[in-house]
Amino acid sequence: MTGETYTNPVLDADWSDPDVVRVGDDFYLTASSFGRAPGLPLLHSRDLVNWTLVGHALERLEPAREFTSPRHDCGVWAPSLRHSHDRFWIFWGDPDQGIFQVNAPEIRGPWTRPHLVKQGKGLIDPCPLWDDETGEAYLVHAWAKSRSGVKNRLTGHRMHPDGTSLLDEGRLIVDGDDIPGWFTLEGPKLYRHDGWYWILAPAGGVETGWQGAFRSRDFFGPYEERIVLEQKDTEVNGPHQGGWVRTPAGEDWFLHFQQRGAYGRVVHLQPMRWGVDGWPVLGDEGAPVTVHRRPDLPPQPPAAPAADDDFPGGRFGRQWSWTANPRDGWSTHHSGDGLRLSCVRTHDAHDLRKLPHILTQRLPGSPSAVEVELELHGEEPGARAGLAVLGDAFSWIGLQRAADGTVQLVHRFAETVAERERDADRPRLAPGGRVRLRVEIGAGARCRFAHDLGDGLRPSGPVFAAAPWRWVGAQLGLFALAPDGPGHAGAATFSHFRISPLRADAPPPTAPPVTAPSLNA
């Protein structure tokens with residue numbers, strides 16, 4: 001990025017299914033959070049290019065009993081963010097429960113508890129509209145075939161102006177099966193412009209699809225359609241699903257995601273204008289831009305959602321979420337710095353993918369080095385803690401208490417099809433129970449693990465290719481656990497968590513002479 005231009009993606013991590021709204025001179029964005037807690041992240045910007053994370057709208061997923069364990073393909077799908085009646089509103093679909101909303105007087109809250117607007121299976125991607133021209137309120141949503149047996153269509157409702165209920169049974173307003181070549185129509189965003197009702201909605205699947213626009217003089221249709229953004233000859237596959245926003249100066253911009261495998265869905269910013277025929281033109285005549293003139297907005301200092309953390313007072317930053325609803329006792333506040341995680345007892349110690357008490361943040365989208373210091377306090381045999389790259393496959397490196405009371409440096413992994421982890425390198429003694437851990441994430445999300453036991457940084461195991469979940473990019477995770485059993489199993493302390501850019505020409509960690517012997521030597 002230079003002072004005159006910006007480079008996509010503007011959010012280079014998994015901020016899935018973004019939606020955006022402007023209030024005064026401030027822009028706000030939210031994104032899908034699926035089964036993680038807290039959920040519904042809230043980002044702020046003054047220039048649409050530099051964003052910071054300012055909070056979450058959803059402290060816990062509801063109903064709470066459904067999210068006591070990880071459910072990465074459930075929970076919060078494709079939220080819509082709006083500002084009306086002097087309040088912020090977020091509507092989202094839980095494919096197993098229905099359509100929910102929360103609202104707040106300010107972006108930082110307090111947010112209401114989730115309210116179920118419409119119950120049902122497969123109701124996803126809702127978006128409200130308060131029509132200032134008619135005084136009516138509407139809602140549109142899509143369908144998940146996995147739950148309802150229905151997809152590729154949009155349903156419209158009249159909505160009570162207070163956003164608490166729908167006033168009719170709903171009508172089919174766009175049937176994708178009637179449009180030649182269109183499939184998987186979803187993610188609608190509803191607007192009013194120039195006397196038309198507009199629905200901006202993608203189709204064709206997240207990896208290879210396109211962005212569509214629909215317009216009608218009446219909310220319930222009939223709608224005409226047009227493809228307004230597609231890959232063409234660019235490297236931006238499936239430019240997909242996002243929101244339109246207008247600046248105070250009257251410029252129009254569109255934020256959308258690009259599916260990038262293990263990195264998840266990164267966010268791009270596209271210029272937008274209205275053609276002489278009244279249809280929106282996105283990007284460079286319908287193709288995504290990589291570098292473009294910045295929005296005509298006051299210059300802002302470079303910013304990005306926080307990643308580093310010193311865990312002051314044992315508290316973790318906003319960038320972290322649990323893999324399910326948290327329980328008391330997983331982390332402990334204290335007077336010093338460092339994250340103190342309890343070694344939570346579990347019968348699933350062999351598979352991190354099943355654990356609710358992993359603290360995660362998004363995998364960076366550009367080559368990066370991740371480091372954290374770890375000290376294991378747990379005296380229980382089998383107690384362990386570490387740094388993980390977590391997805392449908394996972395790998396982690398950390399410390400484990402052995403049966404003889406010694407502490408071992410261990411590195412383990414599990415393939416996508418594996419039901420339990422196994423060693424990625426031979427265990428070795430970790431005198432003092434302290435270690436510096438490092439993961440270098442290179443091109444293609446290929447990860448190289450390393451450790452420093454006080455004798456310099458040493459590589460560990462072969463390269464590991466990070467893998468996404470079904471709808472979620474791979475995550476970085478911190479955890480502490482112990483096998484099933486009675487009583488408290490101790491804790492682990494993490495400190496000085498850092499993510500730094502990794503130079504393309506940076507050499508891999510080198511191995512100095514061995515001073516900590518391998519247990520299998």
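Let me begin with the second largest cavity, which has a volume of about 40 Å³, and please keep in mind throughout that we are looking at a predicted model. If you want to find this second largest cavity in the structure above, look for Leu 58, Leu 61, Glu 62, Gly 75, Trp 92, Asp 94 and Phe 100, since these residues line it. Sorted by class, that lining is made of 4 nonpolar, 1 polar and 2 charged residues.

How many cavities of 30 Å³ or more does a search of the whole structure find? The search finds 2 of them, and the largest cavity holds about 50 Å³ of space. Around the largest cavity we meet Ser 33, Arg 36, Pro 38, Pro 41 and His 56, and then, further along the numbering, Gln 319, Ser 321, Thr 360, Gln 361, Arg 362 and Gln 475. Which strand supplies the largest share of this lining? That is strand β27, residues 359-362, which contributes 3 residues to the lining of the largest cavity. By class, the lining of the largest cavity holds 2 nonpolar, 7 polar and 2 charged residues, whereas the lining of the second largest cavity, as I said, has 4 nonpolar, 1 polar and 2 charged.

A general remark for those new to this: rolling a probe the size of a water molecule over the atoms is what shows where empty space is left.

Now I turn to the pockets. The largest pocket contains about 860 Å³ of space, and its lining is made up of 40 residues, with Val 10, Asp 12, Ala 303, Ala 304 and Pro 305 lying nearest its centre. Two or more residues of this lining come from each of the elements β27 and β38, the latter covering 491-501, and β38 gives the most, with 3 residues. You will recall β27 from the lining of the largest cavity. In terms of class, the lining of the largest pocket divides into 24 nonpolar, 10 polar and 6 charged residues.

The second largest pocket, finally, has a volume of about 680 Å³. It is lined by 21 residues, and those closest to its centre are Val 21, Arg 82, Leu 129, Tyr 191 and Arg 192. Which elements give two or more residues to the lining of the second largest pocket? They are β2 (19-23), β6 (77-84), β10 (123-130), β14 (189-193) and β18 (240-246). The class count for the second largest pocket comes to 11 nonpolar, 3 polar and 7 charged residues.

Terms used
Residues are numbered from 1 along each chain as its sequence is written. This is a predicted model: local features need pLDDT of at least 70, side-chain atom pairs count only at pLDDT 80 or more; totals for chains, interfaces and linings use all residues. Side-chain values use heavy atoms; hydrogens and water are left out. On a 1 Å grid over the protein atoms alone, a cavity is a set of points where a 1.4 Å probe fits but cannot get out, and a pocket is an open set with protein on both sides within 12 Å along at least five of seven lines; lining residues have an atom within 4 Å of a point. Grid points are joined across faces, edges and corners, and a volume is the space filled by probe spheres set on the points. Helices (H or I, at least four residues) and strands (E, at least two) are DSSP runs, numbered from the N terminus. Ala, Val, Leu, Ile, Met, Phe, Trp, Tyr, Cys and Pro count as nonpolar, Asp, Glu, Lys and Arg as charged, and the others, Gly among them, as polar.
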